[in-house]
Structures are given as structure tokens and as C-alpha cells.
Amino acid sequence: MAERRRTAVLISGRGSNLRTLIEACGRPAASAEIALVISNRADAAGIEHARAAGIATEVIPHGAFATQVGFDNAIDRTLHEQAISVVCLAGFMRVLSPWFVERWRDRLLNIHPSLLPAFRGLDTHRRVLAAGVRFTGCTVHLVRAEVDAGPIVAQAAVPVHQDDTEHSLAARVLEAEHRCYPIALELLASGRVRVIGERTVIDDGTAPDAVMLNPASP
Ligand code: GRF
């Protein structure tokens, strides 16, 4: 079997996506290994998921750096020291500089709780409810300098119910996130994601430009 791609996950908080990535990479056939977790906050609850799994952790507090590039440099250095080849942003609440994004081009994934390019940015579920759309979902994409933009690797759609609150909708989308992110990481780590222009083609014989998941299916 090919060597697993050493993968780092960057978090700022709860870390439920991190937990599902750790679980998925525990499968014998997984192409990625979660080798490092970096948090910009010492109190991020997600760090515990990493510790419980025996994964190396680093806290790099953004407040300790005078400039954005100083912070990004520290992250980049740590990633290289640990021989990381793929990076997943999972609830990482800092915008990374264009310099960093270019350095990790097509090896840097993010998850966003909407069907991009709709509803980029924060307060996603509140804006989804206000817009009255019938479906929303989540997107895993390769990161570009523009926030919440970049070639889409995987998406999952979920319905919006009439009586949804931000809370109930967020919970439904989060379930979809937990299905989507491990699939997207596996596709990237196994070398099946080809980037053509600003779209991806998945080399699994079906060649869709995005993998659609039905979160209700097994
Ligand atoms: C997720 O909803 C993710 O889409 C967004 O931040 C949240 C992180 O949740 N970027 P968790 O920390 O993975 O539980």
C-alpha cells in the first residue's frame, strides 16, 4: 500500500470535524494519516480529540504575532517540521494570507457550512433561513486567497425545514459535514482530485466536478 499522506488539521474550537477525520483515517485503507493538529487557541475543545488519539498537537496563538505573515510563517514552519503534505482547515477561524495559500495550493482543504458559492462568510445558517432557500448543505473545497472560494471537492445537500431554527439547521448540516469531509480528504490524499481551471475532476471513473452525497443514504 502507498504511504499515507501526513495530514495536519487546523482548528479553533469544538473540533467535531477533526474527530470524524481522525476516525476515518483510522481505517486500514485510509490514504491519509492525521499526524498533527494545530490550534490558534489554547482552549479549543478539539485539542482533546487529538490528545485522546495520541496525535501531536501544537498551539500557535495568533495574538503572539505582530503580523499575519509572522503567524502564517509559524504555522508553515511547524507543518514542514512535521513533514506534513496535506492540510485540512476545520473550524479554523483565521483567514490565511495569500502567501500561505499559494504555498499549500491544492494541498489545503476547507469545509464551509453552505452550498458554495452561495452563502460565503459567517452567520451562514441565519442568512440561509432569512433567504428562504429550500436546500442548503456543506462544501469541502481547495482553498484560494479569496475567502470561502476555490475548486469544490465534495458537497452534500440537506433540506431546510419550515420550522428550522439556526440551531436545528446547523445540526443537520453538521451531520452532512461529518460525512463529506472524510470523503474529500480521502479523494485528495489518494491523488484522485485533478484541478482543471477552477474546477475539480474526480478520477474515480465517474469524473463529476463535485461529489454529491445524499446525507440520508447509508
Ligand atoms: C463547521 O460548521 C465548519 O463548517 C465551519 O466551522 C464549524 C466547525 O465545527 N467552518 P467543528 O469545530 O468541526 O465542530
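A polar contact is a pair of N or O atoms within 3.5 Å, where one can donate a hydrogen and the other can accept it. In this predicted model, the side chains of D72 and S97 make such a contact, at 2.5 Å. D72 is found in helix α3, which covers residues 68-81. What about a partner of opposite charge for D72? The nearest such side chain, R94, is 7.6 Å away, and D72 is buried yet has no salt bridge. A salt bridge calls for a side-chain nitrogen of Lys or Arg within 4 Å of a carboxyl oxygen of Asp or Glu, so R94, at 7.6 Å, doesn't make it.

Plenty of other charged side chains do pair up. How many salt bridges does the structure hold? The count comes to 13. One of them links R120 to E146, with the closest N and O atoms 3.2 Å apart. R120 sits in the loop between β5 and α5, while E146 sits in the loop between β6 (135-142) and β7 (152-159), so this pair ties together parts that are 26 residues apart in sequence. R120 itself is partly exposed, with a relative accessible area of 35%.

Another salt bridge joins D123 and R126, and here the closest N and O atoms are 3.2 Å apart. Are these two residues buried, exposed or something in between? D123 has a relative accessible area of 45%, which makes it partly exposed, and R126 falls into the partly exposed class at 40%. Things look otherwise for R172 and D164, whose side chains meet in a salt bridge at 2.7 Å, N to O. Both of these residues are buried. There is also a network: E102, R105, D106, R144 and E198 are joined into one group by salt bridges that share partners.

The backbone has a few spots worth a look too. D123, already met as a salt-bridge partner of R126, is found in the loop between β5 and α5. Its phi angle is near 55°, a positive value in a residue other than glycine. D148 also has a phi near 55°, again positive and again not in a glycine. Where does D148 sit? Its place is in the loop between β6 and β7. With 11% relative accessibility, D148 counts as buried, whereas D123 is partly exposed at 45%. The loop between β5 and α5 holds P117 as well. A cis peptide bond joins L116 to P117, with omega at about 10°.

Next comes the empty space. Rolling a probe the size of a water molecule over the atoms shows where such space is left. The largest pocket has a volume of about 1000 Å³. Its lining takes in 40 residues, and those nearest the centre of the pocket are G91, M93, I111, P113 and L122. Which elements give two or more residues to this lining? They are α1, β5 (108-112), α5 (124-131) and α6. Of these, α6 gives the most, with six residues. Sorted by class, the lining of the largest pocket has 18 nonpolar, 13 polar and nine charged residues.

Closed-off space is a separate matter. The count of cavities of 30 Å³ or more comes to one. About 50 Å³ of space lies in the largest cavity. Its lining is made up of A24, C25, R27, A30, S31, A32, P182, L185 and E186. By class, that gives six nonpolar, one polar and two charged residues. Two helices, α1 (16-25) and α6 (166-189), each supply at least two residues of this lining. Which element has the largest share? That would be α6, with three residues. So α6 turns up in both linings: it gives the most to the lining of the largest pocket, and it has the largest share in the lining of the largest cavity.

Finally, here is a pair of residues to find in the 3D view. R51 lies in helix α2, residues 47-52, and is partly exposed, with a relative accessible area of 46%. How far apart are R51 and H125? They are 74 residues apart in sequence, and in space the distance is 31 Å from C-alpha to C-alpha.

Note on methods: Residues numbered from 1 in each chain as written. Predicted model: local features only at pLDDT ≥ 70, side-chain atom pairs only at ≥ 80, totals over all residues. Heavy atoms only, no water. 1 Å grid on protein atoms, 1.4 Å probe; cavity = no way out; pocket = protein on both sides within 12 Å on 5 of 7 lines; lining within 4 Å. Points joined across faces, edges and corners; volume = space filled by probe spheres on them. Helix = DSSP H or I, 4+ residues; strand = E, 2+ residues; numbered from the N terminus. Nonpolar A, V, L, I, M, F, W, Y, C, P; charged D, E, K, R; others polar. Buried < 20%, exposed > 50% of the residue type's maximum accessible area, 1.4 Å probe, protein only. Lys, Arg positive; Asp, Glu negative; His and termini not counted.
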